[in-house]
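Q: I am new to this structure and would like a close look at a single part of it. Please explain how that part is covered and then how it fits into the chain as a whole.

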Amino acid sequence: LARSGNETNALSLLTNLVSTFPTNEFAPLAQWWVADYYSRQGDAFLVKAEQSYTLLSQTWPDSELALQARMMAGRMAMSRPDTLNAIEHFTNLTLNPKCTGEMRVQALAGYGSALMRRAAEETNRLSLLEDALGVFKQIRQDNPGTEREAQAWGETGKCYLQMAACDPGYYSNALQAFQTATQSPVAGIAARSEARVGLAQVLEL
């Protein structure tokens, strides 16, 4: 049905499959399709998408889709944006011993980004930004000599740049972090370009 373009009927059938046969081997895959369907429907459906991905990760924690579903729930929360929910989703992953390798790096990066965005909404912004710095430091320590390390240096620079709005003394930290990212031999084009933009912002101030 979905492939023929009749997604509405497919949504109804797959939702019924999940609720009626939760132990069926295809139930997690059906739930993933439902969540993915809502994620494609625009901003008005982001809450449903987040809830659907979360349901998958909680109902079938041993499924091979569980970790990715929790990641997608975090991304849906960031898109709304709901930074508190995003932090909950990402930390659920970072604290999960099954979450390793690239998935863990993505979860840490998402957590750090959520903390930085949250800092713009709270009065204790420096405390949140310090937590974000710790997250990006963890990424750098876990991934030395990789593009992920270079990306984390760029995010570290952005974090210091936000902190400099409260204390200009942090501009030098931001400058150093952005320079490290741009000079990294393993930095990709995107990471190096973002770091250069950060450098320009620091030098303008």
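**A close look at helix α5**

A: The buried residues of α5 are covered by elements that include α3 (46–59), α4 (66–79) and α6 (101–119), where contact means heavy atoms within 4.5 Å and buried means under 20% relative accessible area, with exposed over 50% and partly exposed in between, for a 1.4 Å probe and protein chains only. This is a predicted model, in which local features need pLDDT of at least 70 and side-chain atom pairs count only at pLDDT 80 or more, while totals for chains, interfaces and linings use all residues. Residues are numbered from 1 along each chain as its sequence is written, and side-chain values use heavy atoms, with hydrogens and water left out.

Helix α5 itself runs over residues 83–94 and has 12 residues; helices here are DSSP runs of H or I with at least four residues, strands are runs of E with at least two, and both are numbered from the N terminus. From its first C-alpha to its last, α5 reaches 16 Å, close to the 16 Å expected at 1.5 Å a residue, the expected span being 1.5 Å times one less than the number of residues. The residues of α5 that are buried are Thr83, Ala86, Ile87, His89, Phe90, Thr91, Leu93 and Thr94.

Ahead of this helix, in the loop between α4 and α5, lies Arg80, which counts as partly exposed because its relative accessibility is 30%. Once its neighbours within four places in sequence are set aside, Arg80 is in contact with Leu46, Val47, Glu50 and Asn85. Arg80 also lies 7.0 Å from Asp43, C-alpha to C-alpha, although the two are 37 residues apart in sequence.

Helix α1 offers another view of how a helix is covered. In α1, Ala10, Leu11 and Val18 are buried. Seen down the axis of α1, its buried residues fall within an arc of 100°, so they line one face of the helix, the arc being that of the directions from the helix axis to the C-beta atoms. Those buried residues pack against α2 (27–39), whereas Thr8, Leu13 and Ser19, on the other side of α1, are exposed.

As for the whole chain, its secondary structure comes to 10 helices and zero strands, and buried residues make up 43% of its 205 residues. Of the contacts between residues at least 6 apart in sequence, 49% join residues at least 24 apart. Along its principal axes, the C-alpha trace spans about 60 × 35 × 30 Å.
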